[in-house]
Amino acid sequence: MKIVVYPGSFDPLTNGHMDIIKRALFTFDHVVVLVLHNPQKKTLFSFEERVQMIRDSVKDINGVSVDSYDGLLVDYMTKHNYGIIIKGLRATLDFEYEFQMALMNRKICPTVETVFLMTSNDHSYVSSSLIKDIHRHGGSVKDFVPPLVETLLDKKRGGTT
């Protein structure tokens, strides 16, 4: 079975993330969506909330599971004997950062490879940071996130839309 790990903070999960998950299944038999704890990021949703948000959002997609990890991605990969990471790329800025991360991961653990998947045009401008900013200022994010995520964002804001 060809398994790929899709790591990220997913704060919050966007339709762009969902697109990468679904498209990864064209090439891989199973996608593990891995919520990583990054203490450098100030998140809106807790670690546990993000894991549950993704589980609820992907529950009807065969071949997808959700896991979480607090540590180095390559340590998780080694622990579970996984060899491929998938990352979505939106723009040049994404490429520079993700390329650096892929090279560092390969240096630390030469048996782990990173595969890049270009985002769909429909999602090329969507980021979790922009979603949070739009929503915080009262804008609608319904076209950018799964319905469950929109509901969870509304709850964080006090139930207003």
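Two strands pair if DSSP finds at least two bridges between them. The views below come from a predicted model.

**View A. Strands β4 and β5 pair in the parallel sense.** Strand β4 covers residues 84-89, and strand β5 covers residues 113-118. Six bridges join β4 to β5. Leu89 stands opposite Met118 of β5. Helix α4, residues 92-108, completes a β-α-β unit with β4 and β5. The unit is right-handed.

**View B. Strands β2 and β3 also form a parallel pair.** Here β2 spans residues 30-36 and β3 spans residues 64-69. The pairing runs over six bridges. Val32 has Ser65 of β3 as its bridge partner. From β2 the chain passes through α2 before reaching β3. This β-α-β crossover is right-handed.

**View C. Helix α2 crosses helix α6.** Helix α2 holds residues 47-58; helix α6 holds residues 147-156. Their axes come within 10 Å and cross at roughly 150 degrees. Angles over 145 degrees count as roughly antiparallel, so α2 is roughly antiparallel to α6. On the α2 side, the contact is made by Glu49, Met53, Asp56 and Ser57. On the α6 side, Leu148, Val149, Leu152 and Lys156 make the contact. Sorted by class, the contact has four nonpolar residues, three charged residues and one polar residue.

**View D. The loop between β1 and α1 contains Phe10 and Pro12.** Strand β1 runs over residues 3-8. Phe10 has phi near 50 degrees. That is a positive value in a residue other than glycine. The peptide bond from Asp11 to Pro12 is cis. Its omega is near 0 degrees.

**View E. Asn15 of helix α1 makes contacts with residues distant in sequence.** Helix α1 covers residues 15-24, Asn15 among them. Leaving aside residues up to four places away in sequence, Asn15 touches His123, Asp143, Phe144, Val145 and Pro146. The side chain of Asn15 reaches the backbone oxygen of Asp143 at 3.2 Å. Lys142 is 127 residues from Asn15 in sequence. In space, Asn15 and Lys142 are 9.7 Å apart, C-alpha to C-alpha.

Notes:
Residues numbered from 1 in each chain as written. Predicted model: local features only at pLDDT ≥ 70, side-chain atom pairs only at ≥ 80, totals over all residues. Heavy atoms only, no water. Axes fitted to C-alpha atoms, helices over the stretch in contact; angles between N-to-C directions. Helix = DSSP H or I, 4+ residues; strand = E, 2+ residues; numbered from the N terminus. Parallel < 35°, antiparallel > 145°, perpendicular 65-115°, else oblique. Contact = heavy atoms within 4.5 Å. Nonpolar A, V, L, I, M, F, W, Y, C, P; charged D, E, K, R; others polar. Right-handed = clockwise from strand over helix to strand, strands pointing away. Polar contact = N/O pair within 3.5 Å; in protein donor to acceptor, adjacent residues only side chain to side chain.
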